[in-house]
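Student: Before we discuss any details, could you put the sequence and the model in front of us, so that we can work through the fold together?

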Amino acid sequence: MNSASTDNRQQDIRQHLAAAGIYATPQRLAIARLLFSRHQHLTADQVYEQMRSSSSRVSRATVYNTLNLFVEKGLLREIFVDASRTFYDSNVSSHYHFYNLDTGSLIDMNDQDVTRYFSKNLPAGTVLEGIDVVVRVRSSAV
């Protein structure tokens, strides 16, 4: 990537953070570059390890604080797959997930039938606020 492209990407990330009311510190920019480079599902530990292996140096506390801030501001979705594992999803649009118990991977599932089903079957006097669906799967025995 050339210098002009890198500068433009950096500016896009700054604007993305500013639009959400987030002050762009160097650490937040580094984490945002990682998270918003593509749609992905990462745990806080994965973000921390990738920051450690790059030239960006951030503390574990900064990673957790930044992830929580990005969730609070609507830039990330927090996906709880079990009591010990939370993923941060850079795709904040409405979608659902498969979680592979064998590999530990979280995979997007795009199925609007889930939304239609729940929208039609709400208790009286309620409106749909959101749906979090995680379908847990295992590799099939061959």
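Tutor: Helices, as counted here, are DSSP runs of H or I with at least four residues, and strands are runs of E with at least two, numbered from the N terminus. Please keep in mind that this is a predicted model.

Student: In what order do the elements of the chain run from the N terminus on?

Tutor: The chain holds five helices and six strands. Read from the N terminus on, these elements follow the order α-α-β-α-α-β-β-β-β-α-β.

Student: How do the axes of α2 and α4 lie with respect to each other, roughly parallel or roughly perpendicular?

Tutor: Two packed helices are described by the angle between their axes and by the distance between those axes. For helix α2 (residues 26-35) and helix α4 (residues 60-72), the axes come within 10 Å and cross at roughly 65 degrees, and the crossing is right-handed. Angles of 65 to 115 degrees count as roughly perpendicular, and α2 and α4 are therefore roughly perpendicular.

Student: Which residues of α2 and α4 meet, and how many of the residues in this contact are nonpolar?

Tutor: From α2 come Q27, R28, I31, A32 and L35, and these meet T62, V63, T66, L67, L69 and F70 in α4. Sorted by character, the residues of this contact include one charged and three polar, while the number of nonpolar residues is seven.

Student: How is α2 placed with respect to α3, roughly perpendicular or roughly parallel?

Tutor: The axes of α2 and α3 come within 11 Å and cross at roughly 110 degrees, and α2 passes α3 in a right-handed crossing. The contact is formed by A30, I31, L34 and L35 of α2 together with V47, Q50 and M51 of α3, and its residues divide into six nonpolar, one polar and no charged. Given the crossing angle, α2 is therefore roughly perpendicular to α3.

Student: Which helix gives the most to the largest nonpolar core?

Tutor: In soluble globular proteins, nonpolar side chains tend to be buried together. Here the largest nonpolar core has 25 residues, and those with the most contacts inside it are L17, L35, V47, L67 and F70. At least two residues of this core are supplied by each of α1 (3-19), α2, α3 (44-53) and α4, but the helix that gives the most, with six residues, is α2.

Student: Leaving aside neighbours within four places in sequence, which residues are in contact with F70?

Tutor: F70 belongs to the α4 side of the contact with α2, and F70 is also among the residues with the most contacts inside the largest core. Once its neighbours within four places in sequence are left aside, F70 is in contact with L17, I22, R28, I31, A32, L35, F36, L75 and L76.

Student: Is S56 buried or exposed?

Tutor: S56 lies in the loop between α3 and α4, where it touches A30, R33 and M51, not counting residues up to four places away in sequence. Its relative accessible area is 16%, and buried means under 20%, so S56 counts as buried.

Student: Is V81 exposed or buried?

Tutor: V81 lies in strand β2 (residues 77-82) and, apart from neighbours within four places in sequence, is in contact with F87, Y99, L106, V134 and R136. A second, separate core of six residues includes V81 along with I79, Y99 and V134. With a relative accessibility of 1%, V81 is therefore buried.

Technical notes:
Residues numbered from 1 in each chain as written. Predicted model: local features only at pLDDT ≥ 70, side-chain atom pairs only at ≥ 80, totals over all residues. Heavy atoms only, no water. Axes fitted to C-alpha atoms, helices over the stretch in contact; angles between N-to-C directions. Parallel < 35°, antiparallel > 145°, perpendicular 65-115°, else oblique. Left-handed = near helix turned anticlockwise from the far one by under 90°. Contact = heavy atoms within 4.5 Å. Nonpolar A, V, L, I, M, F, W, Y, C, P; charged D, E, K, R; others polar. Core = buried A, V, L, I, M, F, W, Y, C linked by side-chain atoms within 4.5 Å. Buried < 20%, exposed > 50% of the residue type's maximum accessible area, 1.4 Å probe, protein only.
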